[in-house]
Amino acid sequence: MSAVESVRPAVRHAQRDEADVIAALHRRAAVAGYGHIFPPEAPPPTEEALTDKWQQWLGADSEWCAFVAVNAADVVGVVLAGMDPDDLTRGHLARLYVAPELWGRGIGRQLYEAAVGHVQEREFTALTLWVLEENHRARSWYERLGWRPNGTRKTSYAPTGVEDLGYELTLR
């Protein structure tokens with residue numbers, strides 16, 4: 001069975017030895033999802049650089065918890081959850097990526113629920129995340145889930161003014 005045929009992959013904690021597979025997925029999803037946002041001259045992240053970052057995020061001393069969606073033996077999605085590095089009283093979600101050929105099948109929602117569950121277990125009552133300003137698909141998805149812009153911005157790619165918007169969610 002191919003990754004496209006199954007609709008409900010298993011979600012589990014990511015393993016450090018999966019950093020290269022996760023990095024490849026991250027790069028593929030980012031290039032597909034952000035191609036209309038970044039100019040052609042903007043260099044996409046390399047798999048080597050992303051592998052290094054994922055090894056850090058998956059390391060034993062990392063503050064992050066990573067979840068992967070796995071279909072058979074294939075990693076088809078990933079998300080990071082942990083403490084907001086700018087406000088230690090809040091949780092933070094980051095790097096939610098799903099294989100582009102599986103977008104719209106509920107995998108992102110499964111990963112999202114695992115990540116939110118993780119931060120709720122740590123007793124955070126508010127969450128933050130960053131979304132590219134021009135990533136209207138992601139922004140509308142998060143807004144449907146109750147997230148709201150919090151007025152913060154940060155530059156993602158300075159040469160052309162690509163920016164991230166801060167979002168927050170209050171947990172009940």
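**Notebook: strands, a helix pair and the core**

I began with Asp164, which I found in strand β7, residues 162-170. A note before going on: this is a predicted model. Is Asp164 buried or exposed? Its relative accessibility is 11%, so I log Asp164 as buried, the cut-off being under 20%.

Next I listed what Asp164 touches, skipping neighbours within four places in sequence. The contacts are Trp130, Val131, Leu132 and Glu133, plus Thr152, Arg153, Lys154 and Ser156. I also checked Asp164 against Glu47, which is 117 residues away along the chain. Their C-alpha atoms are separated by 22 Å.

**Entry: Arg148**

I moved to strand β6, residues 148-157, where Arg148 lies. Arg148 comes out at 47% relative accessibility, so it goes down as partly exposed. Which residues does Arg148 contact, leaving aside those within four places in sequence? I noted Glu143, Gly166, Tyr167 and Glu168. From Arg148 to Ala42 I read 28 Å, C-alpha to C-alpha. In sequence, Arg148 and Ala42 are 106 residues apart.

**Entry: Leu145**

Leu145 sits in the loop between α4 (136-144) and β6. I checked its relative accessible area and got 19%. The limit for buried is under 20%, so Leu145 is buried. Beyond four places in sequence, Leu145 is in contact with Arg109, Tyr112 and Leu169. I followed up on Leu169, which is 24 residues from Leu145 in sequence. The C-alpha distance for Leu145 and Leu169 is 8.8 Å.

**Entry: the nonpolar cores**

How many residues does the largest nonpolar core have? I recorded 47. The residues with the most contacts inside this core are Ile22, Trp54, Leu93, Tyr112 and Trp147. I took Leu93 for a closer look. Not counting residues up to four places away in sequence, Leu93 touches Leu80, Ala81, Tyr112, Ala115, Val116, Thr128, Leu129 and Trp147. Tyr112 and Trp147 are thus on the contact list of Leu93 and also among the core residues with the most contacts. Tyr112 had come up for Leu145 as well.

There is also a second, separate core of five residues. Its members include Ile37, Ala42, Tyr157 and Val162. Ala42 is the residue I had paired with Arg148 for a distance.

**Entry: helices α1 and α2**

I then looked up how two helices pack. In general, such a pair is described by the angle between the axes and the distance between the axes. Here the helices are α1, residues 19-34, and α2, residues 47-57. Their axes come within 8 Å. They cross at roughly 125 degrees, and α1 and α2 are therefore oblique to each other. The crossing is right-handed.

Which residues make the contact? From α1 I listed Ala19, Asp20, Ile22, Ala23, Ala24, His26 and Arg27. From α2 I listed Glu47, Leu50, Thr51, Trp54 and Gln55. By class, the contact has six nonpolar, three polar and three charged residues. Ile22 and Trp54 are in this contact, and both are named among the core residues with the most contacts. Glu47 of α2 is in the contact too; I had used Glu47 for the distance to Asp164.

**Entry: backbone angles at Ala72 and Arg95**

I looked for positive phi outside glycine. Ala72 has a positive phi of about 60 degrees, although it is not a glycine. Ala72 is found in the loop between β2 (65-71) and β3 (74-84). Its relative accessible area is 69%, so Ala72 is exposed.

Arg95 is not a glycine either, and its phi is positive at about 55 degrees. Arg95 has its place in strand β4, residues 87-98. At 36% relative accessibility, I count Arg95 as partly exposed.

**Entry: Arg90**

Arg90 is also in strand β4. What does Arg90 touch, not counting residues up to four places away in sequence? I wrote down Gly82, Met83, Asp84, Phe124, Ala126, Thr128 and Glu168. Thr128 is on the Leu93 list as well, and Glu168 is on the Arg148 list. Last, I checked Arg90 against Ser62, 28 residues apart in sequence. Their C-alpha atoms are 17 Å apart in space.

Terms used. Residues numbered from 1 in each chain as written. Predicted model: local features only at pLDDT ≥ 70, side-chain atom pairs only at ≥ 80, totals over all residues. Heavy atoms only, no water. Core = buried A, V, L, I, M, F, W, Y, C linked by side-chain atoms within 4.5 Å. Buried < 20%, exposed > 50% of the residue type's maximum accessible area, 1.4 Å probe, protein only. Contact = heavy atoms within 4.5 Å. Axes fitted to C-alpha atoms, helices over the stretch in contact; angles between N-to-C directions. Helix = DSSP H or I, 4+ residues; strand = E, 2+ residues; numbered from the N terminus. Parallel < 35°, antiparallel > 145°, perpendicular 65-115°, else oblique. Left-handed = near helix turned anticlockwise from the far one by under 90°. Nonpolar A, V, L, I, M, F, W, Y, C, P; charged D, E, K, R; others polar.
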